[in-house]
Amino acid sequence: MFSPIQVKLSIIQPFTEGFWQIMSLLNASTLKSLPQAIERPAYDRGSIRAGIAHIGVGAFHRAHLAVYLNQCLSQPDQAGWGLLGINLLEHDRPLAEALQAQDGLYTVTALSPEGEAHTQVVGTMVEYLYAPDHPAKVLERLADPSIRIVSLTITEGGYLIDHKGRFQLEDATVQHDLASPEAPQGVFGYLIGALALRRERGITPFTIMSCDNLRHNGSQARRACLAFAEARDPELAGWIGEHVAFPNAMVDRITPATTPEVKARLNELTGVEDQVPVLCEDFVQWVLEDRFGDGRPAFERAGVQLVSDVTPYEEAKIRLLNGAHQMLSYPAFMAGLRQVDVAVRDPLFHDYLRDFLDQDAGVWLHSLPGMELDSYKALLLRRFGNHAIGDQLARLCLDGGSKIPGFLMPTLESCLANGRDARRLAYLLACYDVYLKRGTDDAGEAFELREPNAMDLLEPIIQSESPLTLLQTPVLVGPRAAKDTRFVAQYLALHEVIRASGARHALQQLDRIVEAVDPSHEPAR
């Protein structure tokens, strides 16, 4: 096992109805008067200075990097590593207003599978800027020498790298930012604009630290930044390539969306009136390459694993955890289930996931430092089964067109290249095709298709009457799927059963359906 942090929990019993006559408002002036069960920052926020600017302040960031920094800042020699939070998108405006009203404070409640809860107020965000209202101020703040790291959570699709590894210069926001560098709208406009100012002023460049959930996230950030910079100023691109560090990282913490129902539940539990509380599991992990150009916090004191190469860890996490999440998403959702833990406790889906981990994804992982794969796989299923956090299958279904290529394509390619049976992956893709085209689950309940980053890719699939169009989209599934006759036959047979009888029935009959297609083929290994 490779030393994940297992947060030590204290049990906070749910408050009895009516106990809290008036909830405690959350802001800097009320911090000391919050309920005693709530853990408060162990440092004077007035002495903290922002040394990291984070772009993309969402729930995951606030439950991950910000929590690690909260621990770092409790040590006096770390006072220069507070956070400047930055959001870029119009839909972030309500979050921006809430964070500003609460002086950057918010609660994080970690729940164990046994229902034990630990709530803390995170105070690391000592500054906040909403970029659409203050583009020039954001650029100047990023150019300030005190900002030594810029971290990112901009989603997998936010890096604008296509299946050929090409940065999408034609993107409308990219084109706007190249034409109007003084008032950017997108992340690369801000990053490259600030680096240009620092170069002009002789200021050491900041490190760009991706905390997004994709392979070689630092390398992807570097590729995108250099492509944008090359289009703006080739000399600037050369300077960035020589002087800016882009460490890779593996990040992990299941953090469900904070729906209005979750918000009400958390505030009732804690007795704190928090407009933007965060709910997460009690497990958290961060493996980070120790490559920084202008210093870094003492992350290792907070439990971050500093390594020279993050590749083995990210391969394990993405192939196993993210791959299993994706394998569960559409089949269980189409079968009428809505919570991840309920699906994982269903024997049919539990065994399907276990077989995927053992027979499809796990077989390609080797030489993982300090990691015992069987224990890790068992831990994943335990985490997925955490009823206390109530993670939603709809969250896993979100943006499949961007996630399937990174989370499942490498495993599918490995299986097909080595002649290995891939029936479970054929089943998942058949479920996804039906999900995209039908718009209702197997019981006829309608749902909204949410594909914010890949609709251009998926539109031809959705409009096509042929199920083969999905397999003929190598950007999504790789180049081998449509050419492997056994895989195509499995996919088509499963697709027909899913359409006629539903995802659950197809999974129950998975082996029979596959063997009927190719009775001479050996059972799946």
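**Contacts, sheet and cores in the predicted model**

Setting aside neighbours within four places in sequence, Val307 touches Val287, Leu288, Glu289, Asp290 and Tyr313. All of this comes from a predicted model. Val307 itself sits in strand S14, which spans residues 305-307. Its relative accessible area is 16%, and since the cut-off for burial is under 20%, Val307 counts as buried. As for long-range placement, the C-alpha atom of Val307 is 29 Å from that of Tyr190, a residue 117 positions away along the chain.

Moving on to the sheet, five strands line up in the order S7-S4-S3-S8-S9, making an open sheet with parallel pairing. Its edges are strand S7 (125-130) and strand S9 (207-210), each of which pairs on one side only. On average, and ignoring direction, neighbouring strands here are turned by 25° against each other. Strands in a sheet are held in register by backbone hydrogen bonds, and the pairing can be parallel or antiparallel. For strand S3 (residues 50-55) and strand S4 (residues 82-87), the pairing is parallel and runs over five bridges. Ile55 has Ile86 of S4 as its bridge partner. Lying across S3, S4, S7 and strand S8 (149-152) is helix H4 (residues 135-143), which runs at about 140° to S7.

Next come the nonpolar cores. The largest one holds 79 residues, and Tyr427, Leu429, Leu470 and Phe487 have the most contacts inside it. Helix H17 supplies the largest share of this core, with eleven residues. Apart from this core lies another, made of 45 residues, including Val138, Leu160, Phe206 and Phe228. Back in the largest core, Tyr427 has a long list of partners beyond four places in sequence: Pro331, Phe349, Tyr352, Leu494, Ile498, Ala503, Arg504, Ala506, Leu507 and Leu510.

Finally, there is Asp441, found in the loop that links helix H17 (423-438) to helix H18 (455-463). This acidic side chain is not out in the open: at 2% relative accessibility, Asp441 counts as buried. Its side chain makes a polar contact with the side chain of Arg338, at 2.8 Å. A polar atom of the Asp441 side chain also lies 2.9 Å from the backbone nitrogen of Glu445. Leaving out neighbours within four places in sequence, the residues in contact with Asp441 are Phe333, Met334, Gly336, Arg338 and Phe447. Arg338 thus turns up both in that contact list and as the side-chain polar partner of Asp441.

How values were computed: Residues numbered from 1 in each chain as written. Predicted model: local features only at pLDDT ≥ 70, side-chain atom pairs only at ≥ 80, totals over all residues. Heavy atoms only, no water. Helix = DSSP H or I, 4+ residues; strand = E, 2+ residues; numbered from the N terminus. Buried < 20%, exposed > 50% of the residue type's maximum accessible area, 1.4 Å probe, protein only. Polar contact = N/O pair within 3.5 Å; in protein donor to acceptor, adjacent residues only side chain to side chain. Contact = heavy atoms within 4.5 Å. Pairing = 2+ DSSP bridges. Axes fitted to C-alpha atoms, helices over the stretch in contact; angles between N-to-C directions. Core = buried A, V, L, I, M, F, W, Y, C linked by side-chain atoms within 4.5 Å.
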